[in-house]
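Biologist: Please take a close look at one part of this model, and describe how its pieces fit together.

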Amino acid sequence: MWESQERDGRVFVLGSKGELYPLPEGVSSAWPDAIRVWERLKRDGWNAAWIKYSEERRFPVKPGEHPYDTAAVREQWIAGTVCMILAAGCLFLLLRTLRRRMSIDEGYLTVAGRTLRIEDIERIDLRKWKLKGLAWLHVRKPSGGTMKLRADGMTYGGFSKAQDEPAERLMQNLLSQFDGEIIDYDERTLPEKD
């Protein structure tokens, strides 16, 4: 099967660049009898040669599937369980965001699953609105104190020019009705867009 040389009682096989590799014990460098005769291979084919060769060596003609041990099966169950938990979490987040709406109607704003009066908003933080589409609304609670709600422009319509920027139009409508504190960057200090 391979061109070989014998040195010091050991058989070495020649590599493609002339290097010598020691042949493992019990392995012959000659072609097996089942596939040595070319005429038989042409007549019967490689499959018949493999069947004869495997019979001689007592190999199974068709190798069995790779047996999995208990640790490998347990690993698959753990990986599958983790993937199912992550998939359930993603599905929960998807379903939660599908129902989100942001709208303004006669002095009321619906955002983050809550409907509130625009006059209850104390402050609107627009520092991330131009770059990320995020605005923070600081709202007075009826019981006292304030709560912070996030208005995400990408969740509530987006900024697509083809759809006439629904999130930007909604924010401009809110700002036209709002008379509290607005936190925003000075236009002169914002970096230029390329």
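**Strand 7 and its surroundings**

Modeller: In strand 10, I124 has I182 as its bridge partner. The model is predicted, so local features require pLDDT of at least 70 and side-chain atom pairs pLDDT 80 or more, while totals for chains, interfaces and linings use all residues. Residues are numbered from 1 along each chain as its sequence is written, and side-chain values use heavy atoms, without hydrogens or water.

Strand 7 covers residues 121-125 and strand 10 covers residues 181-183; strands are DSSP runs of E with at least two residues, numbered from the N terminus. These two strands pair in the parallel sense through three bridges, pairing being called when DSSP finds at least two bridges. On strand 8 the arrangement is antiparallel, with four bridges linking that strand to strand 7. I124 takes part here as well, since its bridge partner in strand 8 is L137. I124 thus has one bridge partner in strand 10 and one in strand 8. Further along strand 7, R123 faces H138 of strand 8.

D125 also belongs to strand 7. Why is D125 counted as buried? D125 is buried because its relative accessibility is 9%, where buried means under 20%, exposed over 50% and partly exposed in between, with a 1.4 Å probe and protein chains only. The side chain of D125 reaches that of R127 in a polar contact of 2.7 Å. Such a contact is a pair of N or O atoms within 3.5 Å, one able to donate a hydrogen and the other to accept it; sequence neighbours count only through side-chain atoms on both sides. Beyond its neighbours within four places in sequence, D125 is in contact (heavy atoms within 4.5 Å) with L134, A135 and W136, and also with I183.

On the other side of strand 7 in sequence, the loop that leads from strand 6 (114-117) to strand 7 holds D120. D120 is another buried residue, because its relative accessible area is 17%. Its side chain makes a polar contact of 3.0 Å with the side chain of R117. With residues up to four places away in sequence set aside, D120 touches H138, V139 and R140. H138, touched by D120, is also the residue opposite R123.

Strand 8 spans residues 134-140 and is mostly covered, with five of its seven residues buried. Besides strand 7, strand 8 has an antiparallel partner in strand 9 (residues 146-152), to which seven bridges join it. Within this pairing V139 stands opposite M147 of strand 9. The hairpin formed by strands 8 and 9 has five residues between the strands, and in it G144 adopts a positive phi near 105°.

M147 leads back to strand 6, where R114 is found. R114 touches M147 and L149, and also L109, when residues up to four places away in sequence are not counted. R114 counts as partly exposed because its relative accessibility is 42%. R100 lies 14 residues from R114 along the chain, and the C-alpha atoms of the two are separated by 9.8 Å.

In summary, strand 7 has an antiparallel partner in strand 8 and a parallel one in strand 10, while strand 8 pairs in turn with strand 9.
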